[in-house]
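Good morning, and thank you for the opportunity to present. I invite you to look at the structure with me and to follow a few of its parts in turn.

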Amino acid sequence: MTSLRNIVTILLAVVATGGFILPVAAQYESSSSEAKITPVERIIRESNGNINISIPDNILELLLSDQDSQKRQTGPVIKPGINKMAGYRIQVFSDGRSQHSLESRAKARGSAIVSRFPKYRGQIYTFSSAPNWYTRVGNFRNSKEASSALAELKRAFPQFASEMRVVKSPIVIIK
């Protein structure tokens, strides 16, 4: 059993390093002189140290496609439904100075953005963390997407541009 494990280990190492496979069958004879030779030694002797492994095309495609899909997948898996994950939003309002009108000013800022950019409807988040009120926009998976949207919002609302910035935030992605 140990010899079989050694053979499998060697073959897997060859496959992992990109070797080619040819079917190799270790014939085990019952004669006393041949019985002392391990299957690995027999393969090495009969192949002059060269082992070629052949993998059927359909299996090779499956192996390679799995590696490609794992490389492409850089973030969390998005499942059907509501997905909560770490991401980015654009903070468009943050103030704690004039307490009597903060909530209405924060909501007004969000309304102004939605009226100009309907694509953010349902993605305006106004909340309080005493003593401040905040309004954040969007659900961006990476900072590049958020930065691009920030530039667009700053061009559209130059009067608020100095207050706008990208912040890390929990986001909601609906698929």
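**A surface patch, a helix and a buried alanine**

I begin with Leu-64, whose relative accessibility of 43% means that this residue counts as partly exposed, because the partly exposed class lies between 20% and 50%. Please keep in mind that the model is a predicted one. Leu-64 belongs to helix H4, which covers residues 57-72. Together with Ile-59, Leu-60 and Leu-63, Leu-64 forms a nonpolar patch on the surface, and the accessible area of these residues together is about 320 Å².

Let us turn to helix H5. For the 15 residues of H5, residues 102-116, a rise of 1.5 Å a residue gives an expected span of 21 Å, and the end C-alpha atoms lie 22 Å apart, which agrees. Which residues of H5 are buried? They are Leu-102, Ala-106, Arg-109, Gly-110, Ile-113 and Val-114. These residues cover an arc of only 135 degrees around the axis, and therefore they lie on the same side of H5. The general rule is that an α-helix has 3.6 residues a turn, so residues three or four places apart point the same way. The buried residues of H5 pack against strands E1 (82-95), E2 (124-129) and E3 (132-140), and against helix H6 (143-156).

Helix H6 also contains Ala-149. Is Ala-149 buried or exposed? Its relative accessibility is 6%, so Ala-149 counts as buried. Beyond its neighbours within four places in sequence, Ala-149 is in contact with Ile-90, Tyr-120 and Phe-140. Finally, Arg-89 is 60 residues away from Ala-149 along the chain, yet their C-alpha atoms are separated by 9.5 Å.

Methods: Residues numbered from 1 in each chain as written. Predicted model: local features only at pLDDT ≥ 70, side-chain atom pairs only at ≥ 80, totals over all residues. Heavy atoms only, no water. Helix = DSSP H or I, 4+ residues; strand = E, 2+ residues; numbered from the N terminus. Expected span 1.5 Å × (residues − 1). Buried < 20%, exposed > 50% of the residue type's maximum accessible area, 1.4 Å probe, protein only. Arc of directions from axis to C-beta. Contact = heavy atoms within 4.5 Å. Patch = residues over 30% accessible without salt bridge, like charges linked within 9 Å, V, L, I, M, F, W, Y side chains within 5 Å. Areas by Shrake-Rupley, 256 points an atom, 1.4 Å probe, with all protein chains shown as cover. Salt bridge = Lys/Arg side-chain N within 4 Å of Asp/Glu carboxyl O.
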